[in-house]
Amino acid sequence: MYLLLLLIALATPLTAQISQSTFQRHSIAVDFPEGASWGYGLPTLADYDGDGDLDFSVSNLTRGLYWFEHRGPGDWVRRKVGDVALRQLGATSFDVDRDSRPDLVIGGYWYRNPGNPREAEFERIEYDPEIADIHDIVVGDINGDGRDDLIVLGDRSGCFWYEIPEDPIRNEVWKRTTVTMDVLVKRDWIHSGIFPKGVGDLDGDGDMDLVVTDRWFENSGDGSEWTMHRLMFGSRGPYGLSARSWIVDLDEDGDADIVTTHGDQQNSAVAWLENTGEKPPKFTPHYLANLAPGTRGSFHSLAVADFDLDGDLDIMTAEQEDQTIPPVGAGPRFFVFENLGNLQFIERVIYDGRLGGHDILVGDVDGDGDPDIASKIWVRWEDNANGGRFHADYFENRTR
């Protein structure tokens, strides 16, 4: 009997639970050249200098846009991308001009990677002169031609997608197709919803659909027409309906589910919405329990990844530094809802150091095979651990 138990133990992989020791915090930046107290947006993670690791970008409102060259866990060098023409929050990075170098897209502009970004600024090119503030930007193949399209959402503009022209440098104005103008209707008042990964095939028909806070939009096939379906999730805060979303087959049953968080409001929740498999599908919400002391603030971040490398997907979020919608009974914290197997999630506090995060991004920054975290803020909390100053942070995953 003892030998049998020993053999079972040896055959069973041992994984430590996710905790505050799983991630080591390093500073990307502890101040910002323009020194503003709020309005830090436009985060991206991409290998801008082509050296094999991931770099980070951030800007402040209409001021400078910078990328931070990653040279080591605590060694990040600030470099200028260019100037920001309008107040913007959302951004994404992909190869717009198909020259094998990542570019940036921000609001109605894209910034072309010069190839030597350590020495030269990016060229700014306007692709749509008519859109205003953009909150969310994501990338996906909407029309099924095998190429990335751009999807944007702004509560003063609407929700659109753009087909990238063959020559995006010469053909500067891109074709815009409307997904919905519900965004601008006061009773809907949608502030955010599709970022960071609210694009995917929800109904299993081979085309990309969209999640926009408390509803999803079914793609007709080529992105020319969209049918709206309601979701049993969504809560209105001071800025309207706001959420973060991630489409993924979380239960591994062959169809796409939705992981989502409330945002821009207190008492934010995390849930995954189970795809029923019907045609069109309905989604059953499963809320994840909060265990740590205090009530939650605003969850303006979401990532789904196998943080502990045990073969299943975990869910990460963080509270904002925002004194108008703060957590109560605790400072802003970073959380991972660890998947214990069979979709049993337990909340783990991975960082509790009086620093918050906003639109956090996840990727293997250092190339060691586990997902790391890069974070910045939107507004400075006067009592944060950085003396009330701006900060951007890198959380190195030490699972490997």
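Here are a few friendly notes on N275, an open sheet and some aromatic pairs in this model.

1. The model is predicted, so to speak of local features pLDDT of at least 70 is needed, side-chain atom pairs count only at pLDDT 80 or more, and totals for chains, interfaces and linings use all residues. Residues are numbered from 1 along each chain as its sequence is written, and side-chain values use heavy atoms, leaving out hydrogens and water.

2. N275 belongs to strand β23 (residues 270–275); strands are DSSP runs of E, at least two residues, numbered from the N terminus. N275 is buried at a relative accessible area of 3% (buried is under 20%, with a 1.4 Å probe and protein chains only).

3. A polar atom of the N275 side chain lies 2.8 Å from the backbone oxygen of A256, and one lies 2.8 Å from the backbone nitrogen of G277. Beyond neighbours within four places in sequence, the contacts of N275 (heavy atoms within 4.5 Å) include L202, D255 and F283.

4. F283 also takes part in one of the 17 aromatic pairs in the whole structure (ring centres within 6.5 Å, using the six-membered ring of Trp; planes under 30 degrees apart are stacked, over 60 edge-to-face, the rest tilted). Its ring centre is 6.1 Å from that of W216 with planes at 80 degrees, so the pair is edge-to-face. W216 lies in β17 and F283 in β24, so the pair ties together parts 67 residues apart in sequence. W216 is buried at 0% relative accessibility, and F283 is buried at 7%.

5. Strand β17 also appears in an open, antiparallel sheet of four strands, ordered β15-β16-β17-β18 (pairing needs at least two DSSP bridges). Its edge strands are β15 and β18.

Notes
Buried < 20%, exposed > 50% of the residue type's maximum accessible area, 1.4 Å probe, protein only. Polar contact = N/O pair within 3.5 Å; in protein donor to acceptor, adjacent residues only side chain to side chain.
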